[in-house]
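Hi,

Here is the model we talked about passing over. Have a look, and my notes follow below.

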Amino acid sequence: MNNAEQELVIQLQQGNEAAFRKLVDAYEKMVYNTALGIVQNEDDADDITQEVFIQAYQSLTDFKGASKISTWLYRITLGKALDLEKKKKRKKRFGFVQALFGSSGEETVPAVEFDHPGVQLENKENAASLFKALKQLPDNQRIAFTLHKMEGRSYNEVAEIMDTTVTAVESLMARGRTNLKKILSTYYESKFNN
Amino acid sequence: MQKKDLIQQRVEAALNSMDGMQPATPEPYLLTRIHARMNTREVTVWEKAVWFLSRPVVAIVLCLVIVANMMVVVSNQSRQSNVAATSQGDDFSYTVATIYDSENVQP
């Protein structure tokens with residue numbers, strides 16, 4: 001953590017409102033894009049972004065400054081995004097059980113292909129398939145892939161955020177890529193056959 | 001063969017589709033929305049309970065109470081087993097002086 005960050009943390013811990021505004025301004029894009037990469041829904045990502053800054057504000061006294069502010073915020077964001085995913089999956093399962101027993105619960109909205117606003121126009125269709133495939137990866141592979149590919153973080157930074165080694169990140173990326181290839185091959189094969 | 005190549009091409013294209021991707025922009029006035037959320041956010045009973053129980057002092061006190069409780073239970077059990085042994089002795093008149101004892105005082 002550099003001097004400017006240390007100063008910002010001290011100001012935040014003193015309850016300085018301007019420092020909090022500075023924090024939000026500096027990291028809102030990072031938090032929002034990370035959340036968007038995981039949950040693949042703009043409203044949910046916006047919700048998570050708000051929750052992340054609220055939690056950061058409330059737990060500032062616990063922040064010891066051992067890691068960079070960005071690393072700390074990345075960890076909160078990933079935790080919240082994965083929590084929301086689990087909650088949604090539980091809700092989906094519950095909806096399925098409700099449907100089995102014929103009770104009239106909330107209508108489940110069919111999964112829509114995610115259209116990331118930052119993807120270049122000519123890549124939109126391929127990116128939608130990739131986002132769909134990403135959803136099927138194990139959490140740690142998905143996190144590594146999202147941080148490296150979408151957020152542009154180096155393997156070192158990804159390792160720091162995930163609290164692991166660079167070798168482990170390399171392995172996660174390699175396995176993630178292999179899995180994505182398999183998933184995408186199956187997807188395109190079925191598409192060609194139909 | 002041609003189909004397989006085509007699939008491979010599509011897979012590679014999909015994997016590279018994030019190249020040159022621009023970061024998305026969040027909705028404006030985030031700070032205002034955060035403040036509004038902080039002010040209106042209702043803390044649920046469960047959140048309150050978790051917050052209260054997760055405080056170190058409360059956790060330590062709870063642990064002490066549990067340990068003290070266990071000690072009382074264990075000591076009660078051992079006392080009960082002693083009482084049971086004594087009452088068994090009573091049943092078989094090991095200790096109670098009988099009428100014969102008072103009559104035969106002379107050796």
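In what order do the elements of chain A run from the N terminus on? They go α-α-α-α-α-α-α-α, that is, eight helices and zero strands (DSSP runs, numbered from the N terminus: H or I of at least four residues for helices, E of at least two for strands).

Before you dig in: this is a predicted model, with local features needing pLDDT of at least 70 and side-chain atom pairs counting only at pLDDT 80 or more, while totals for chains, interfaces and linings use all residues. Residues are numbered from 1 along each chain as its sequence is written, chains are lettered from A in the order in which they are written, and side-chain values use heavy atoms, without hydrogens and water.

Chain A's C-alpha atoms fill a box of roughly 60 × 45 × 30 Å along the principal axes. Of its 194 residues, 43% are buried (under 20% relative accessible area, 1.4 Å probe, protein chains only).

Now the interface. 29 residues of chain B are in contact (heavy atoms within 4.5 Å) with 43 residues of chain A. Together the two chains bury about 3400 Å² (accessible area lost on being put together, 1.4 Å probe, summed over both), 64% of it on carbon and sulfur atoms. B:Leu15, B:Met18 and B:Arg37 supply 20% of the area that chain B buries there, more than any other three residues.

I also get six salt bridges between the chains (side-chain nitrogen of Lys or Arg within 4 Å of a carboxyl oxygen of Asp or Glu). One of them pairs A:Lys181 with B:Glu12, closest N and O atoms 3.6 Å apart.

Cheers

Technical notes: Buried means under 20% relative accessible area, exposed over 50%, partly exposed in between (1.4 Å probe, protein chains only).
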